[in-house]
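Got the viewer open? Let's take a short walk through this one, a stop at a time.

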Amino acid sequence: MTDPGRILFQLENVFQRFSLPQGDVTVLKNVNFQAREGEFIAIVGPSGAGKSTILRLINGLLPPSEGKIIYKDQPLIGTNMDAAMVFQSFGLLPWLTVAENVELGLEPRGLDRAARRKRGAFYIEKVGLEGYEEAYPRELSGGMKQRVGLARALAVEPEILLMDEPFSSLDALTSINLRDELIDIWSDRDFPVNTVVMVTHIIEEAIELADRVLVLSSRPGTIAGDLQIDLPRPRDKRDKAFIEYVDKIFSLIA
């Protein structure tokens, strides 16, 4: 586990409402938490609790209806350029090759073509897709598509990696492999990203990966629990302490 550093961001008294044809809906209610550099945080909770909404708030894609998002001691206004998102549905552009998808976010950051190619190739290799640079998404398996999504997020070299149920569309074996690789990336100081916030609906996955789990209540989502996962890695799902964490989180959600 990485030793947590300074406070990187925090949500202060955050409410989030959406206007729907049937009226306004409150998704998040008075959410408060902070994250330190080097933490791996998982967010769990029932469907509709606002888990994915929290990721979009941290990413600056969505302004809070009330409250503040503080990033590096300053209110976050607009897109957080130090964050990158990995989506459940891969989010690849089908008319672009693997290399072009991975390099997608680099031109707006001022990198010239040669620099984009070099950085893209580096991260394609890191996620195990060397040799597939010119392939199109339709030619890839689900696991390979998610590797492209991960490489694209890593290529912008973010300080915060946001992941929205990244393994839920994959088969069990691919999920296991990618979870192991994610921990390796998070632990590797050669990678710029050292803070991960991941949404998952699988309690065991949260405990296996994260060193801290936030539990949201039913909508409107509030913080029902904030647990430090004090278990050595690699973690054994059959371990008594692991099972006790599962039971505790399940009881908080239920």
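Start with the residues that line the largest cavity in this predicted model: 6 of them are nonpolar, 1 is polar and none is charged. To see them, select Val 86, Gln 146, Leu 150, Met 163, Phe 167, Leu 178 and Leu 182. Show their side chains and look at the space they surround, which has a volume of about 50 Å³.

Now color two helices. Which ones each supply at least two residues of that lining? Pick α4, residues 142-155, and α5, residues 172-187.

How many cavities of 30 Å³ or more turn up in the whole structure? The search finds 3. As for how such a search works, rolling a probe the size of a water molecule over the atoms shows where empty space is left.

Next stop: the strands. Select residues 7-20 for β1 and residues 23-36 for β2. These two run antiparallel, with 10 bridges joining them. Together β1 and β2 make a hairpin, and 2 residues sit between the strands. For a spot to zoom in on, try Ser 19, which has Asp 24 of β2 standing opposite.

Keep β1 selected and add β4, residues 66-71. Here, too, the pairing is antiparallel, and it extends over 5 bridges. Click on Gln 10 and then look across to β4: the bridge partner there is Ile 70.

To finish, show β1 with both partners at once: β2 is joined to β1 by 10 bridges, and β4 pairs with β1 over 5.

Note on methods:
Residues numbered from 1 in each chain as written. Predicted model: local features only at pLDDT ≥ 70, side-chain atom pairs only at ≥ 80, totals over all residues. Heavy atoms only, no water. 1 Å grid on protein atoms, 1.4 Å probe; cavity = no way out; pocket = protein on both sides within 12 Å on 5 of 7 lines; lining within 4 Å. Points joined across faces, edges and corners; volume = space filled by probe spheres on them. Helix = DSSP H or I, 4+ residues; strand = E, 2+ residues; numbered from the N terminus. Nonpolar A, V, L, I, M, F, W, Y, C, P; charged D, E, K, R; others polar. Pairing = 2+ DSSP bridges.
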